[in-house]
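Here's a quick briefing to read with the structure open beside you. It goes topic by topic, so feel free to skip around.

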Amino acid sequence: MTMSSIKIECVLRENCRCGESPVWEEASKSLLFVDIPAKKVCRWDSLSKQVQRVIVDAPVSSVALRQSGDYVATVGTNFCALNWENQSTLVLATVDKDKKNNRFNDGKVDPAGRYFAGTMAEETAPAVLERHQGSLYSLFPNHHVEKYFDQVDISNGLDWSLDHKIFYYIDSLSYSVDAFDYDLQTGKISNRRSVYKLEREEQIPDGMCIDVEGKLWVACYNGGRVIRLDPETGKRLQTVKLPVDKTTSCCFGGKDYSEMYVTSARDGLDSEDLLRQPEAGGIFKITGLGVKGIPPHPYAG
Ligand SMILES: O=C(O)[C@H](O)[C@@H](O)[C@H](O)[C@H](O)CO
Ligand SMILES: [Zn+2]
């Protein structure tokens with residue numbers, strides 16, 4: 001099953017304060033990702049190894065492909081369109097207008113082209129924040145915003161089962177990976193339950209993605225690893241350790257989505273930590289996992 005030819009390489013030493021939301025863009029053979037507090041969206045060309053960067057006017061917590069070309073992103077408490085060429089953003093919708101200390105966090109597009117993203121209170125230090133301030137939302141292709149629930153601490157990893165009947169979700173401070181029944185037609189969720197509780201050494205669950213076998217990959221913040229979970233049995237199937245502690249999110253990309261890309265963070269590390277993990281804040285590529293991912297869905301609006 002698990003081949004012992006796993007290779008981990010830091011492909012880009014970007015020194016992200018908080019790298020997040022890796023997304024593979026097949027058309028350009030590039031990896032998109034954000035650095036949230038740096039207000040930066042990056043596009044790393046895997047062929048030329050060059051990076052392009054767009055600075056926006058507020059913390060940018062996720063980026064996604066857009067069917068009509070270009071991208072969408074969550075910036076502050078806005079769902080935005082992102083024009084790469086002009087380096088400009090256009091607000092499509094705003095959430096949490098009554099919560100001035102909130103911002104969006106992780107986001108991803110569902111198989112029907114809706115952009116899901118949740119919010120959180122701004123942190124005073126990593127994982128230190130006013131609790132229960134966040135909510136989960138989605139932006140429909142017609143720019144209507146649906147609110148699903150509130151009382152979220154740190155809205156994070158999200159993805160859908162291969163048959164589109166289950167929505168997986170992480171509220172980091174619950175230390176749980178949850179599942180909901182999903183209705184792709186309406187975008188409605190129901191019947192929340194936990195499918196995996198993190199073990200102490202796994203630390204804080206952050207970004208997540210699914211593979212072609214329907215198993216979940218979760219990046220463990222402070223845990224320096226990605227773990228592979230079977231959401232049906234609730235068992236961990238595999239642990240892949242990385243040379244940095246603050247692993248934040250993961251996605252599949254590269255040839256036939258056979259490679260995994262992992263983002264990481266530098267914020268919260270002291271100078272001693274940084275000497276031991278000089279690649280913190282970099283982008284890592286894992287090869288030899290022996291399982292592939294699926295292409296990201298583009299926003300349909
Ligand atoms: O990127 C995120 O998801 C949050 O914005 C980050 O701040 C950290 O991951 C969080 O502190 C760990 O729980
Ligand atoms: Zn995250």
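Asp 106 is buried, since its relative accessible area is just 5%, and you'll find this residue in strand β10. Keep in mind that you're looking at a predicted model. From strand β10, the tour below moves on to the metal, the other ligand and the UniProt record.

**Strand β10**

- Strand β10 covers residues 102–109, and Asn 102 is part of it; Arg 103 lies in strand β10 too.
- What is the spacing between Asp 106 and Ser 155, in sequence and in space? They sit 49 residues apart along the chain, with 6.5 Å from C-alpha to C-alpha.
- Asn 102 counts as buried because its relative accessible area is 9%, under the 20% cut-off.
- The side chain of Asn 102 makes a polar contact of 2.9 Å with the side chain of Asp 96.
- That Asn 102 side chain also reaches a backbone atom, the oxygen of Gln 133, at 2.9 Å.
- Arg 103 is buried as well, at a relative accessible area of 7%.
- For Arg 103, the side-chain partner to look at is Glu 122, with a polar contact of 3.2 Å.

**The zinc ion (ligand 2)**

- Which residues coordinate the zinc ion (ligand 2)? Glu 20 (OE), Asn 156 (OD1) and Asp 206 (OD) do, at 1.9 to 2.2 Å.
- Written along the sequence, the spacing of these donor residues is E-x135-N-x49-D.
- Glu 20 belongs to strand β2 (residues 19–25) and Asp 206 to strand β18 (residues 204–210), so this pair ties together parts that are 186 residues apart in sequence.
- Why is the arrangement around the zinc ion (ligand 2) irregular? The four donor atoms subtend angles of 87 to 175°; that range goes past the 135 degrees allowed for tetrahedral, and square planar would need all angles other than those between opposite donors to lie between 65 and 115.
- Are Glu 20 and Asp 206 buried or exposed? Glu 20 is buried, with a relative accessible area of 2%, and Asp 206 is buried with 6%.

**Ligand 1**

- How many residues surround ligand 1? There are 14 of them, and the closest are Glu 20, Asn 105, Glu 123, Asn 156 and Asp 206.
- In the side chain of Glu 123, an N or O atom comes to 2.4 Å from an oxygen atom of ligand 1.
- Asp 206 puts a polar side-chain atom 2.6 Å from an oxygen atom of ligand 1.
- Asn 156 has a polar side-chain atom at 2.9 Å from an oxygen atom of ligand 1.
- How much of ligand 1 does the protein bury? On its own, ligand 1 exposes 330 Å², and the protein buries 98% of that.
- Asn 156 and Asp 206 turn up in both stories: they are among the closest residues to ligand 1, and they coordinate the zinc ion (ligand 2).

**What the UniProt record says**

- An unreviewed UniProt entry gives residues 18–266 the annotation "domain: SMP-30/Gluconolactonase/LRE-like region".
- Over residues 18–266, the chain comes out at 0% helix and 59% strand.
- The C-alpha atoms at the two ends of residues 18–266 are 6 Å apart.
- Where does the unreviewed UniProt entry place the feature "active site"? The record puts this feature at Asp 206, the residue found in strand β18.

How values were computed. Residues are numbered from 1 along each chain as its sequence is written. Chains are lettered from A and ligands numbered from 1 in the order in which they are written. This is a predicted model: local features need pLDDT of at least 70, side-chain atom pairs count only at pLDDT 80 or more; totals for chains, interfaces and linings use all residues. Side-chain values use heavy atoms; hydrogens and water are left out. Donors are N, O and S atoms within 2.8 Å of the metal (3.2 Å for Na, K and Ca); water is not among the atoms, so sites may look incomplete. Four donors count as tetrahedral if all angles lie between 85 and 135 degrees; four count as square planar and six as octahedral if opposite donors are over 155 degrees apart and all others between 65 and 115; anything else is irregular. Helices (H or I, at least four residues) and strands (E, at least two) are DSSP runs, numbered from the N terminus. Buried means under 20% relative accessible area, exposed over 50%, partly exposed in between (1.4 Å probe, protein chains only). A residue is near a molecule or strand if one of its heavy atoms lies within 4 Å of it. A polar contact is a pair of N or O atoms within 3.5 Å; within protein, one must be able to donate a hydrogen and the other to accept it, and residues adjacent in sequence count only if both atoms are side-chain atoms. Accessible areas come from the Shrake-Rupley method with a 1.4 Å probe; for residues, only the protein chains shown count as cover. UniProt positions are given in the numbering used here, feature names are shortened, and annotations may be inferred rather than shown by experiment.
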